[in-house]
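Got your viewer open? Let's take a short walk through this one, selecting as we go.

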Amino acid sequence: MAAHDFDLVIRGGTLASAAEVFEADLGIREGRIAALGRGLGRGAEEIDARGLIVTPGGLDSHCHLEEMGQDGSAQEESFDSGSAAALAGGTTSFLCFLPQWKGHSLAASAPGYEARARASRADYSFHQIVTDPTPEVMAREVPALVARGIRSLKVFLTYDPLRLTDAQYLEVLATAKRLGAFVTVHCENFDAIGWRIQALLKAGLTDPLQHAWSRPPVVEREATHRAIALAELVDQPIQVFHVSCEAAAAEIARARARGVKVWGETCPQYLTLSHEDLVGPDFAGAKAVCSPALREAAERERVWARIQDGTLDVVSSDHCGFSFATQKRVAGSSAYGTGEAASRPDGTPAFNAIPNGVPGIETRLPVLFSEGVSKGRIDLPAFVRLSSANAARLFGLEGRKGSLMPGADADLALWDPDAERTIRNAELHHAIDYTPWEGMAVKGWPVVTIRRGEVAVREGEVLARPGSGRFLARGPYAAAAPRGVVPDGFDAALA
Ligand code: URP
Ligand code: ZN
Ligand code: ZN
């Protein structure tokens, strides 16, 4: 008879699932959750979780790690450092992006990227960015990708080197529908942004704040409306990435009320930061440049309201590894910028040439917990849905990730709900030289992170080794299935 019943028992914690909160022990065997209940038998190892809240480990379904540009560069955040940061912040798995370079096949873009990802300490999968949907890519490469378990595509409606025309977007939607893949969309109107940028530059307005002026909410609302309308035409499920404002969220809510399979994601930056963060001495506003842009301060509560009514049901980080010293201050150092790489007399880039994106893979969950749960805007099950369970459902990982049910991977975060911390970049594990949340006081912190039954982080020390993360192949799943409604009963995608 075995000397113990479980490999690991988390004893006496308050368990929070996507549906409920209850007191129980949690037993783990062979990396999976094996039992929940009071008074479970002995574990080879035990963790005393009295006073702690036990949630599923986070699934960050939108982050950019080590992304490779066509010029041979790679984003500064490596899989090693980024995944260490993820685990330290309670996130046990993530989805990042396989790039496609325009004019290149998928195979010829970012060679070796998947091999780099094997350095991850957290479990991972990919969305495939499609920037050049040629017949060959759509007919051969995307089906091969889906067969390998990479079942989600990302498209951009803006950024010069990345954006698709409406005709190309329709091709991607139709291909995804035929293959049972999911589509995620960056929704901003490229021409409208370019028009505003030219006028701002002509007027001599070049500061980081003008990044926001160049792409106000109406630009996001228009593209969100269009992205949903075209997805509805094809009958292809989509998720609208990084929703920053009520106007875009309202488009999603209206479409959902019609039964369209569209979901909305937002990020901590849109819940906590604002125009004020785009202003500061020594070009500090560049640290908060991301797209869609940060909004006026009052917009944040409207985004929270759309979380509370369920319109926005995933909070991802959209983590981007651009250090302030090496990239944010260097004009045109990323494809995630818009227009000519113009510099100003002091050498800093004009707003339109600042690389877009903020680092947040480690702070995502502490900020959401503190601003959401500790401040009473959301309850614990909502926190679980927003941080892991809904993403698992949308991206084909339901039952494996984001769950406390027996059989699920034993990915857990143990939260001290009373821990009061001040976010300091010096204490974070990412490779980036700043955090936009520097100095923010938070209440609630993940003190232990468990990945597939192993203690991956304890009190800030990352124990999981580089390369111990696993690739997550994803099979067919319900959220990606069309609903069977096309105009006039004629399915153009299948004709
Ligand atoms: O500013 C952002 N969001 N940068 C990352 C690229 C993207 O648009 O997701
Ligand atoms: Zn985007
Ligand atoms: Zn992104």
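Before the clicking starts, one cut-off: a polar contact here is a pair of N or O atoms within 3.5 Å. Keep in mind, too, that you're looking at a predicted model.

**Stop 1: the ligand's contacts.** Select ligand 1 and turn on distances. With that cut-off in hand, pick glycine 357: a polar atom of its backbone sits 3.2 Å from an oxygen atom of ligand 1. Now switch to side chains. Histidine 186 puts an N or O atom of its side chain 2.9 Å from a ligand 1 oxygen, and histidine 62 has a polar side-chain atom 3.4 Å from an oxygen of ligand 1. How much of ligand 1's accessible area does the protein cover? On its own ligand 1 has 260 Å², and the protein covers 100% of that.

**Stop 2: the shell.** Expand the selection to the residues around ligand 1. You should get 14, and the ones that come nearest are Tyr159, His186, Ser291, Asp318 and Asn356. Colour this shell by residue class and you'll see 5 nonpolar, 7 polar and 2 charged residues.

**Stop 3: the cavity.** Hide ligand 1 and show the void left behind: the space that ligand 1 takes up is the largest cavity.

**Stop 4: the pocket.** Next, bring up the largest pocket, with a volume of about 490 Å³. It is lined by 22 residues; to find its centre, select Met68, Gly69, Gln70, Ser334 and Ala335, the closest ones to it. Which classes make up the lining of the largest pocket? Colour it the way you did the shell: 10 residues are nonpolar, 9 polar and 3 charged.

Notes
Residues are numbered from 1 along each chain as its sequence is written. Chains are lettered from A and ligands numbered from 1 in the order in which they are written. This is a predicted model: local features need pLDDT of at least 70, side-chain atom pairs count only at pLDDT 80 or more; totals for chains, interfaces and linings use all residues. Side-chain values use heavy atoms; hydrogens and water are left out. A residue is near a molecule or strand if one of its heavy atoms lies within 4 Å of it. A polar contact is a pair of N or O atoms within 3.5 Å; within protein, one must be able to donate a hydrogen and the other to accept it, and residues adjacent in sequence count only if both atoms are side-chain atoms. Accessible areas come from the Shrake-Rupley method with a 1.4 Å probe; for residues, only the protein chains shown count as cover. On a 1 Å grid over the protein atoms alone, a cavity is a set of points where a 1.4 Å probe fits but cannot get out, and a pocket is an open set with protein on both sides within 12 Å along at least five of seven lines; lining residues have an atom within 4 Å of a point. A molecule sits in a cavity or pocket if more than half of its atoms lie within 2 Å of its grid points. Ala, Val, Leu, Ile, Met, Phe, Trp, Tyr, Cys and Pro count as nonpolar, Asp, Glu, Lys and Arg as charged, and the others, Gly among them, as polar. Grid points are joined across faces, edges and corners, and a volume is the space filled by probe spheres set on the points.
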